[in-house]
Amino acid sequence: PRDYAPVSQKGDDDKDAGPHSDFQGLVNIFCGHKILTTMLLVALPAGFYAHHTEMDPQYIFLFNFVAIVPLAWLIGKATEDVA
């Protein structure tokens with residue numbers, strides 16, 4: 001069997017090496033954007049609460065709409081990191 005030798009790209013600086021584990025990468029994403037994290041952690045449970053307590057539909061929509069904003073950002077960030 002052959003040994004794998006990664007091809008260096010862009011100089012392979014340590015600053016571009018990335019996190020040491022998946023958990024550290026996840027923590028870096030959420031700690032870097034406190035407003036989006038707060039929106040997600042507040043609006044998502046509020047949307048569930050509004051649905052289960054049968055609030056008016058406009059409140060359910062509002063809470064879920066606000067919760068989608070950080071989720072859309074997270075999907076975009078993940079896509080950008082994979083590419």
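Is His33 buried, partly exposed or exposed? In this predicted model, His33 counts as partly exposed because its relative accessibility is 35%, and the range for that class runs between the 20% below which a residue is buried and the 50% above which a residue is exposed. His33 sits in the loop that joins H1 to H2. Although His33 and Pro70 are separated by 37 residues in the sequence, their C-alpha atoms are 9.5 Å apart in space. Pro70 will come up again below, as one of the residues that line the largest cavity.

It helps to step back to the overall layout. The protein contains three helices and zero strands, and read from the N terminus the order of elements is α-α-α. Helix H1 covers residues 22-31, while helix H2 spans 34-52 and helix H3 spans 57-82. Of the 83 residues in the protein, 14% count as buried.

One of those buried residues is Ala67, which belongs to helix H3. Ala67 is classed as buried because its relative accessibility is 2%, and the cut-off for that class is under 20%. Ala67 and Ala43 lie 24 residues apart in sequence, with a C-alpha to C-alpha distance of 5.0 Å. Ala43 falls within the span of helix H2 (34-52), so this pair links H2 with H3 in the reader's view of the fold.

Ala78 is also found in helix H3, but here the surroundings are more open to view: Ala78 counts as partly exposed because its relative accessibility is 43%. The C-alpha atoms of Ala78 and Ile29 are 9.6 Å apart, with their positions 49 residues apart along the chain.

Attention can now turn to the interior space. The count of cavities of 30 Å³ or more comes to one, and the largest cavity has a volume of about 40 Å³. Its lining is made up of Phe30, Leu36, Thr37, Leu40, Pro70, Trp73 and Leu74. Helix H2 and helix H3 each contribute at least two residues to this lining. Sorted by class, the lining of the largest cavity comprises six nonpolar residues, one polar residue and no charged residues.

On the outside of the protein, Phe23, Leu26 and Val27 together make a nonpolar surface patch of about 290 Å². Val27 is part of helix H1. With a relative accessibility of 32%, Val27 counts as partly exposed, and Val27 can therefore belong to the patch, as the cut-off for patch residues is over 30% relative accessible area.

A last point of interest is the backbone at Glu54. This residue is not a glycine, yet Glu54 has a positive phi of about 55°. Glu54 is located in the loop between H2 and H3. Glu54 is classed as exposed because its relative accessible area is 69%, and the class begins at over 50%.

Key
Residues are numbered from 1 along each chain as its sequence is written. This is a predicted model: local features need pLDDT of at least 70, side-chain atom pairs count only at pLDDT 80 or more; totals for chains, interfaces and linings use all residues. Side-chain values use heavy atoms; hydrogens and water are left out. Patches are made of residues with over 30% relative accessible area and no salt bridge: like charges are joined within 9 Å, nonpolar side chains (Val, Leu, Ile, Met, Phe, Trp, Tyr) within 5 Å. Accessible areas come from the Shrake-Rupley method with a 1.4 Å probe; for residues, only the protein chains shown count as cover. A salt bridge is a side-chain nitrogen of Lys or Arg within 4 Å of a carboxyl oxygen of Asp or Glu. Helices (H or I, at least four residues) and strands (E, at least two) are DSSP runs, numbered from the N terminus. Buried means under 20% relative accessible area, exposed over 50%, partly exposed in between (1.4 Å probe, protein chains only). On a 1 Å grid over the protein atoms alone, a cavity is a set of points where a 1.4 Å probe fits but cannot get out, and a pocket is an open set with protein on both sides within 12 Å along at least five of seven lines; lining residues have an atom within 4 Å of a point. Grid points are joined across faces, edges and corners, and a volume is the space filled by probe spheres set on the points. Ala, Val, Leu, Ile, Met, Phe, Trp, Tyr, Cys and Pro count as nonpolar, Asp, Glu, Lys and Arg as charged, and the others, Gly among them, as polar.
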